[in-house]
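Work through these exercises with the structure open beside you. Try each task before reading its solution.

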Amino acid sequence: MSAALAALIALLAPCQGAILAPLKDPLSISMSLFEKGEHQQVISILGPESLQKLRGDELRRAYFVLGNSYEKTGRIDKALGIYQLGTNLFPRDINLLSELARLLQHAGLEEQAAPIYQKVLDIHPNNASAHLGLAEIDHSLGLLERSAGHYEKALEQLSADPRRWRAYAEVLLEMREYKTAELAVQKALQRSYDPQSLLVLAFIQRASGKLSAALATLAVTTDPQADRVRALWLLEAGEHQKALAASEELLKASPGNALALWVRARARLRLGQAEAAAKDLQSLSQNTAAPFAAKVAAEFARRLR
Amino acid sequence: MRRASAVLLSIYLATAPAAALDLSDDGLLRDHLWRQLTAKPKGERPVVGLVFSAGSLRAAAHVGVITVLENAGFPVDVVAGTSMGAIVGALYAAGKPIKRLWELALGLRISSGSNYNAFNLLRLLLFDRLLSSKNTEKFIRDEIGSRSFEELKKPFACVAMDLYSGEGIIFREGELAPAVRASMNLPGIFAPVEYRHRYLVDGGVVNYIPIDAAKLLGADWVLASVTETDYTYSKPQNVLQSLEQVIDIRGTLLAREQKKSANFLIEPPVGDIGFYDTSRSYEAIAKGVMAAHRRIGAAMEEYILFSLDCLLKDYIP
């Protein structure tokens, strides 16, 4: 991350080498400090007085460095203010606009970030980071078709990135486009055989009615969530003994785990151990970390009584 | 600049995308029970009613709500609607694909359902000649043909008001198009529709959220999509706008009571979108999507909790 930023600063300052030699003007000093990770010092040097003396491209770079420094020191509100000022002065600067949008998005202000990404796309229609930003925002807002469209655009340039293929596959899964979702997650797996993509593949297989294939996929993934998911899906496959064994294993590692308690209770019910099942449900109904599971368990326990 | 953007992209890429699968205990259990419940045929689980409120062009948001429900595999068994909600409901109950519903909502014009034009508006203002909503019938017939209620894919009901008796009339059988037209026939602007010996105007005047109509069709559990106005946004400038405002206020007062009888509400924040604000159709649909997306998990949980008896049957051998 910091290496990439340093490279960006270098690109933004084409004649930086010449300026760096005497290191007299505040911008050059700030850039040098920024590259060394001295963000607090950058902030002190690029105060309002220094900024007033800068013009044009130098001012644009100063806003960028200052905004980034505020962000690195955890002062997100200040960083947002700087980028907002910068984009008011340089409304067609893709870098400042992108940084502002990214920061807004990560601050949870997605509805404010989206029009800024859109501005970037108005200036540079193939900008992959803006397409990615919009794809993620649309996904989190539920605008799935639009999200898929942005992922497709972004993936034209980022086809080597397995995480983006996986994220695209998740959107398609929600849209119930199972075949395309499977193709997308296979692309992710071809690029990097990661456990999270396998987990997504398992969800896609299950959604398209291939439960045994999904269970087989879960068996080979090392994702830490896979065991919980597998225990639950064994119930769906009617494998109550196996589900019971899987839940026992989970409970050994994490006593009181809500999902494992549910699986054990259901398996026990099915295997005719109603009293033990009722105990599990009773215990689950006290779980405050999983309020829905607790409610369901309380209702079942009441009905069983 | 292009190289700078490429580096910026690498910064962006350094951040991992947020995981979309809900792998929390509650999320996994909800997904598990949901599959089990929705795999049951209609008779073996509580009947789900989907109700669309009145709300003129704001009701385009219902299309967004339908989109999210369909993606979630929500089992909608019966449908009811009032006014513009009746149009959306009729098309949905007829089995129109979501894509077509979006196209229709985006293409909505005031003249889509009426003979509205400058000349007729002048006649209305100067000579008290009310507009006609006959185009609504044509719109419905063009889309789904001359079908009856009985020929729809899902049972459907819509509501109008009889001007002679003041009664709310629930239509659920016979010819569809005139009933839907009557349901969205704004009083004071459109001439009342004479149908089945009644003199009918917009159902929103008496039944803004027709939950009772869905229950009449057999719904045990009702999800209502409500597109109320926020009348504090608008300042009426003429007779028509004042009339619309009064209808909206009346609708809001009715809605306040009716909401209590729904099992679950989705309320897209479209209150500031005006009666004829066709330029904001996309925004209305998107707000419907976003509101439904935020609430869909909770809606699924409510329906599951309502249906526990039928789930429990599967658990005991």
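**Exercise 1. A helix in chain A**

Which residues of H11(A) are buried? Find them in this predicted model, then check the length of the helix and name what covers it.

Solution.
- Step 1. Pick out the buried residues of H11(A): A:Leu144, A:Ser147, A:Ala148, A:His150, A:Tyr151, A:Lys153, A:Ala154 and A:Leu155.
- Step 2. Check the length. Helix H11 of chain A covers residues 144–157, which is 14 residues. At 1.5 Å a residue, the expected span is 20 Å. The C-alpha atoms at the ends of H11(A) lie 21 Å apart, so the span agrees.
- Step 3. Look at the cover over the buried residues of H11(A). From chain A it includes helix H10 (128–141) and helix H12 (162–174). From chain B it includes helix H3 (61–71).

**Exercise 2. The form of chain A**

Decide whether chain A is spread out or a compact globule.

Solution.
- Step 1. Count the elements. Chain A has 20 helices and 0 strands.
- Step 2. Apply the globule rule. For 305 residues it gives 19 Å. The radius of gyration of chain A is 26 Å, well over that value, so chain A is more spread out than a compact globule.
- Step 3. Look at the box. Along the principal axes, the C-alpha atoms of chain A fill roughly 85 × 40 × 30 Å.
- Step 4. Add the contacts. In chain A, 38% of the contacts with a separation of 6 or more join residues 24 or more positions apart.
- Step 5. Add burial. Of the 305 residues of chain A, 47% count as buried.

**Exercise 3. Two domains of chain A**

Describe how domain 1 and domain 2 of chain A meet.

Solution.
- Step 1. Set the bounds. Domain 1 of chain A is 160–223, and domain 2 is 224–305.
- Step 2. Place the centres. Taken over C-alpha atoms, they are 26 Å apart.
- Step 3. Count the contact. Domain 1 of chain A gives 9 residues and domain 2 gives 8 residues.
- Step 4. Find the helices on the domain 1 side. Helix H14 (195–207) and helix H15 (211–220) of chain A each supply at least two residues. H15(A) supplies the largest share, 5 residues.
- Step 5. Sort that side by class. It has 5 nonpolar, 2 polar and 2 charged residues.

**Exercise 4. Where the chains meet**

Find the angle at which helix H18 of chain A packs on helix H2 of chain B.

Solution.
- Step 1. Locate the pair. H18 of chain A is residues 258–270, and H2 of chain B is residues 25–38.
- Step 2. Read the geometry. The angle is about 35°, and the axes are 8 Å apart.
- Step 3. Name the partners. H18(A) uses A:Ala258, A:Leu259 and A:Trp262. H2(B) uses B:Asp25, B:Leu28 and B:Leu29.
- Step 4. Sort by class. The contact has 5 nonpolar, no polar and 1 charged residues.

**Exercise 5. Buried residues of chain B**

Explain why B:Leu33 is buried and why B:Val88 counts as buried.

Solution.
- Step 1. Start with the chain. Chain B has 12 helices and 8 strands. Of its 317 residues, 47% count as buried.
- Step 2. Take B:Leu33, in helix H2 of chain B. B:Leu33 is buried because 22 other C-beta atoms lie within 10 Å, and the cut-off is 20 or more.
- Step 3. Follow its contacts. Beyond residues up to four places away in sequence, B:Leu33 touches B:Ile304 and B:Leu311.
- Step 4. Take B:Val88, in helix H4 (residues 84–93) of chain B. B:Val88 counts as buried because it has 27 C-beta neighbours inside 10 Å.
- Step 5. Follow its contacts. Leaving aside neighbours within four places in sequence, B:Val88 meets B:Phe52, B:Ala59, B:His62, B:Val63 and B:Gly81.

**Exercise 6. Two positive phi values**

Say where A:Arg176 lies and where B:Ser83 lies, then give the phi and the burial of each residue.

Solution.
- Step 1. Recall the background. Most residues other than glycine have a negative phi.
- Step 2. Take A:Arg176. Its phi is near 65°, a positive value. A:Arg176 sits in the loop between H12 and helix H13 (178–191) of chain A. It counts as partly exposed, because it has 14 C-beta neighbours inside 10 Å.
- Step 3. Take B:Ser83. Its phi is positive too, about 55°. B:Ser83 sits in the loop between strand S2 (78–82) and H4 of chain B. With 31 C-beta neighbours inside 10 Å, B:Ser83 counts as buried.

Key: Residues numbered from 1 in each chain as written. Chains lettered and ligands numbered in written order. Predicted model: local features only at pLDDT ≥ 70, side-chain atom pairs only at ≥ 80, totals over all residues. Helix = DSSP H or I, 4+ residues; strand = E, 2+ residues; numbered from the N terminus. Buried ≥ 20, exposed ≤ 12 C-beta atoms within 10 Å, placed from the backbone. Axes fitted to C-alpha atoms, helices over the stretch in contact; angles between N-to-C directions. Contact = placed C-beta atoms within 7 Å. Nonpolar A, V, L, I, M, F, W, Y, C, P; charged D, E, K, R; others polar. Expected span 1.5 Å × (residues − 1). Rg over C-alpha atoms; globule rule 2.2 N^0.38 Å. Domains from an automatic or database assignment.
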